[in-house]
Amino acid sequence: MATTKKRYKLSRFKKWLHKHDGGDVQPVRTGKNVQFENRLFFPLIVEEINNGHTVTINLRGNSMRPFLESDRDRALLTNPKGVKLGDPVLAEIEPGHFVLHRIIKIDGDAVTLMGDGNLGCEYCTTADFRASVVGFYRKGRKTLDRIDGRKWKVYSWFWTRLRPFRRYLLAAYRYIWLNIFPVKYQ
């Protein structure tokens with residue numbers, strides 16, 4: 001049953017690609033997973049969210065370390081309404097360039113974003129928000145860690161205050177912690 005569902009989703013995505021991009025882009029298969037470029041994948045996600053659906057995506061990249069890992073964790077996305085300082089959002093910071101990062105500053109319409117695992121910032125406006133995050137499915141769990149829940153708020157409170165030391169903490173995480181306790185991929 002799950003295989004049929006995945007094939008349906010892939011065929012639906014291919015139809016959408018053919019309609020919007022001429023269909024000349026082929027997915028990259030890695031085992032049982034299929035990967036598309038972000039510039040092609042996220043417009044479909046945004047379209048689904050704009051149609052009133054919530055969407056769960058697998059996370060890729062290390063920009064939200066140490067709490068979220070690439071190829072292990074998933075994010076539940078919804079319409080970007082009522083976002084506030086500290087919330088993670090999906091934003092299109094340049095045409096075709098999407099990031100899922102935390103809001104660290106809001107100044108009127110101007111917004112500064114930063115991934116938990118990044119040292120630099122990205123800049124956009126509130127009009128560039130494409131989705132907000134409801135929560136994360138971490139470490140292969142079936143229960144959602146909501147961003148308005150106690151655990152996420154505690155993580156966020158500590159991590160955002162450790163920003164001056166982030167370079168050293170991320171280095172220790174990468175070179176020491178991950179060697180002792182490697183990430184278990186699902």
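Does phenylalanine 41 count as buried, exposed or partly exposed, and at what relative accessibility? In this predicted model, phenylalanine 41 has a relative accessibility of 25% and therefore counts as partly exposed. The cut-off behind this statement is that a residue is called buried under 20% relative accessible area and exposed over 50%, with partly exposed in between. The neighbouring case of phenylalanine 42 shows the other side of the limit: at 9% relative accessibility, phenylalanine 42 counts as buried. These two residues will return below, after a view of the whole chain.

The secondary structure of the chain consists of four helices and ten strands. Read from the N terminus, the order of the elements is α-β-β-α-β-β-β-β-β-β-β-β-α-α. The chain has 186 residues, of which 38% count as buried. Its exposed surface comes to about 11,800 Å², and carbon and sulfur atoms supply 54% of that area. Contacts can also be sorted by distance along the sequence. Among contacts in the chain with a separation of 6 or more, 51% are made by residues 24 or more positions apart.

A useful place to begin is strand β9, which covers residues 129-137. This strand is mostly covered, since eight of its nine residues are buried. Strand β9 pairs with strand β4 (residues 74-78) in the antiparallel sense, over five bridges. In β9, tyrosine 137 is the residue that stands opposite arginine 74. Strand β9 also pairs with β5 in the antiparallel sense, here over three bridges. Alanine 91 has phenylalanine 129 of β9 as its bridge partner. A further partner is strand β10 (residues 145-146), which runs antiparallel to β9 and is joined to it by two bridges. In that pairing, phenylalanine 136 has aspartate 145 of β10 as its bridge partner.

Strand β5 (residues 88-94) deserves a closer look, as it contains glutamate 92. Is glutamate 92 buried or exposed? Its relative accessible area is 17%, so glutamate 92 is buried. Apart from neighbours within four places in sequence, glutamate 92 is in contact with His97, Phe98, Asp128 and Arg130.

The aromatic residues offer another way through the structure. The count comes to seven aromatic pairs. One of them joins phenylalanine 41 and phenylalanine 42: the ring centres are 5.4 Å apart and the planes stand at 70°, so the pair is edge-to-face. Phenylalanine 136 and tryptophan 152 form an aromatic pair that is tilted, with 5.0 Å from centre to centre and 35° between the planes. Because phenylalanine 136 lies in strand β9 and tryptophan 152 in helix α3, this pair ties together parts that are 16 residues apart in sequence. Both phenylalanine 136 and tryptophan 152 are buried. Phe41 and Phe42 also belong to one aromatic cluster with Phe98.

The surface has a feature of its own. Which residues make the nonpolar surface patch of about 710 Å²? The patch is made by Val154, Trp157, Phe158, Leu162, Phe165, Tyr168 and Leu169. Helices α3 (150-161) and α4 (166-180) each supply at least two residues of this patch, and the largest share, three residues, comes from α3. Tryptophan 157 lies in helix α3. With a relative accessible area of 44%, tryptophan 157 is partly exposed.

Finally, some details of the backbone can be found in the loops. The loop between β3 (55-58) and β4 holds proline 66, and the peptide bond from arginine 65 to proline 66 is cis, with omega near 10°. Aspartate 71 is placed in the loop between β3 and β4. Its phi is near 65°, a positive value in a residue other than glycine. At 40% relative accessibility, aspartate 71 counts as partly exposed. Lysine 139, in the loop between β9 and β10, has a phi near 55°, which is a positive value in a residue other than glycine. Lysine 139 counts as partly exposed, at 43% relative accessibility.

Notes: Residues numbered from 1 in each chain as written. Predicted model: local features only at pLDDT ≥ 70, side-chain atom pairs only at ≥ 80, totals over all residues. Heavy atoms only, no water. Buried < 20%, exposed > 50% of the residue type's maximum accessible area, 1.4 Å probe, protein only. Contact = heavy atoms within 4.5 Å. Patch = residues over 30% accessible without salt bridge, like charges linked within 9 Å, V, L, I, M, F, W, Y side chains within 5 Å. Areas by Shrake-Rupley, 256 points an atom, 1.4 Å probe, with all protein chains shown as cover. Salt bridge = Lys/Arg side-chain N within 4 Å of Asp/Glu carboxyl O. Pairing = 2+ DSSP bridges. Phe/Tyr/Trp six-rings, centres within 6.5 Å; stacked < 30°, edge-to-face > 60°.
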